[in-house]
Structure formats: C-alpha cells, structure tokens
Amino acid sequence: GCSSLTQISIPQSVISIGNYSFSGCSSLTQISIPQSVISIGNYSFSECSSLTQISIPQSVISIGDYAFSGCSSLTQISIQSSVISIGNHAFDGIKSLIITGNIQTIPNNMFRWCSSLTQISIPQSVTSIGNYSFYGCSSLTQISIPQSVISIGDYAFYGCSSLTQISIPQSVTSIGDYAFSGCFSLTQITIPPSVTSIGIQNCDGTN
C-alpha cells in the first residue's frame, strides 16, 4: 500500500520476494529483480497499476498466486525456462501482454479468469499450453499459437467467448478435453493432419 513509491532497488542478497510485499504500490513504474531471487510470492506485485514491464531473472523458479494481478498497465514480461511454477490468477486483470524469454510451457491456470485480457503474444519457445491456461478469458479476441507448440491442454481456451477464430499450427499433435468449449463466437478453426488426439466436448457451445 505504499502508493507513492515509484521505484526501488533490491539488493543481490535477496533470495525471495514475500507475499504482498509490493501489493498496492500503485505508483511503482519500474523494479529490477536481482539474479539472486528464487521465488516471487503470492500477491507480491498485485495492483501495481503503473508497472509497464518486468523481467523475471533465470534464477526464479516459482511465481505465486495473483503475483501480478491488477497490474493493468503491464504490457510486457520476460519469463525464463527456469520457472517451473506459476500460480493461479498470476496475471489477472491484464489487458494486453507480450511474453518474451525462453519459457517452454504456458503452465496450468496461468491466465485463468483473466477476463480483461484481449490479446497475447506467445513466444516461439513454448511447446505446450497447459490445462485451464486461458480458461474464462472472455475478452480474448485473438491469439497466435506458435509453430513450436505440440500440445494444447484440457479446458485450455474454455469460455473464451469473444474468440472468433484460431489456427492450430502443424506442430500440434494433441488437443485436450473441452479445449474450446464455450467459445460462443468461434466460427472457424483449422485443425492440421498432425493432430492425432482430440479430447471430448471440444466444440461444445461453439457456432
């Protein structure tokens, strides 16, 4: 709740950023996370509404629940392959986001219920889109799945009711259960012959 804090320098001795540590720092425009940090806690940067971009160092292995929720100005984040856990609703309330870095998986629940998210850019390093990853992203109108993606998980785009079309790249071999269920605005989808497994109820509620 330090609403007047605009910037801060974290020393290299810090290994973890605790729960709620910068929550509500609405004037914070930039922050440098040192290479010593291993974990970013729950709600740690929630409601940092002036934060426009952030780089997660290679040392970080976990990002907590709601860590960047309410960061409505955040448009770019760099995430490395070292991150093995990203909590529920970590990016809730973000409208448009470009992901950079060499992240290999969009983890389960990464953007679940991000109802304000309208578009997102997924890097070419990603090979799998996890279960429930974009579940309930009701404002998402477009998404480009890179050629690197092999699998799309269960409920991955469930309830993305504003999504009008999506193209599945030739690299994808499996699509999980209910992956596009509830995508009421979806009128066109192209599924390549590379797909050998499609789960149940995939187009339930689509047009």
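Two strands are said to pair if DSSP finds at least two bridges between them. The legends below describe close-up views of a predicted model.

**View 1. Strand β9 and its pairing partners.** Strand β9 and strand β11, the latter made of residues 119-121, run parallel and are joined by three bridges, and in this pairing Leu97 stands opposite Ile120 of β11. Strand β9 also pairs with strand β7 (residues 76-78), again in the parallel sense and over three bridges, with Gln76 having Ile98 of β9 as its bridge partner. Along β9 itself, which spans residues 96-100, the side chains alternate between two faces: Leu97 and Ile99 point to one face and are buried, whereas Ser96, Ile98 and Thr100 point to the other and are not buried.

**View 2. Phe157 within the largest nonpolar core.** In soluble globular proteins, nonpolar side chains tend to be buried together. The largest nonpolar core of this model has 59 residues, and those with the most contacts inside it are Phe68, Phe91, Phe111, Phe134 and Phe157. When neighbours within four places in sequence are left aside, Phe157 is in contact with Ile129, Phe134, Ile143, Ile145, Ile152, Ile166, Ala179, Phe180, Ser181 and Cys183.

**View 3. Cysteines without a disulfide.** A disulfide is a covalent bond between the sulfur atoms of two cysteines. With a cut-off of 2.5 Å between cysteine sulfur atoms, the count of disulfides comes to zero. The sulfur of Cys25 has its closest cysteine sulfur in Cys2, at 5.0 Å, and is therefore too far away for a bond. Cys48 is likewise in no disulfide, the nearest cysteine sulfur being that of Cys71, 5.1 Å away. Cys25 counts as buried because its relative accessibility is 2%, and Cys48 counts as buried because its relative accessibility is 0%.

**View 4. Ser194 in the loop between β17 and β18.** Ser194 lies in the loop that follows strand β17 (188-190) and precedes strand β18 (197-198). Because its relative accessibility is 19%, Ser194 counts as buried, the cut-off for this class being under 20%. The side chain of Ser194 reaches the backbone oxygen of Gln170 at 2.6 Å. If residues up to four places away in sequence are not counted, Ser194 touches Pro169, Gln170, Ser171, Val172 and Thr173, so that Gln170 appears both in this list of contacts and as the residue whose backbone oxygen the side chain of Ser194 reaches.

Terms used
Residues numbered from 1 in each chain as written. Predicted model: local features only at pLDDT ≥ 70, side-chain atom pairs only at ≥ 80, totals over all residues. Heavy atoms only, no water. Helix = DSSP H or I, 4+ residues; strand = E, 2+ residues; numbered from the N terminus. Buried < 20%, exposed > 50% of the residue type's maximum accessible area, 1.4 Å probe, protein only. Polar contact = N/O pair within 3.5 Å; in protein donor to acceptor, adjacent residues only side chain to side chain. Contact = heavy atoms within 4.5 Å. Core = buried A, V, L, I, M, F, W, Y, C linked by side-chain atoms within 4.5 Å.
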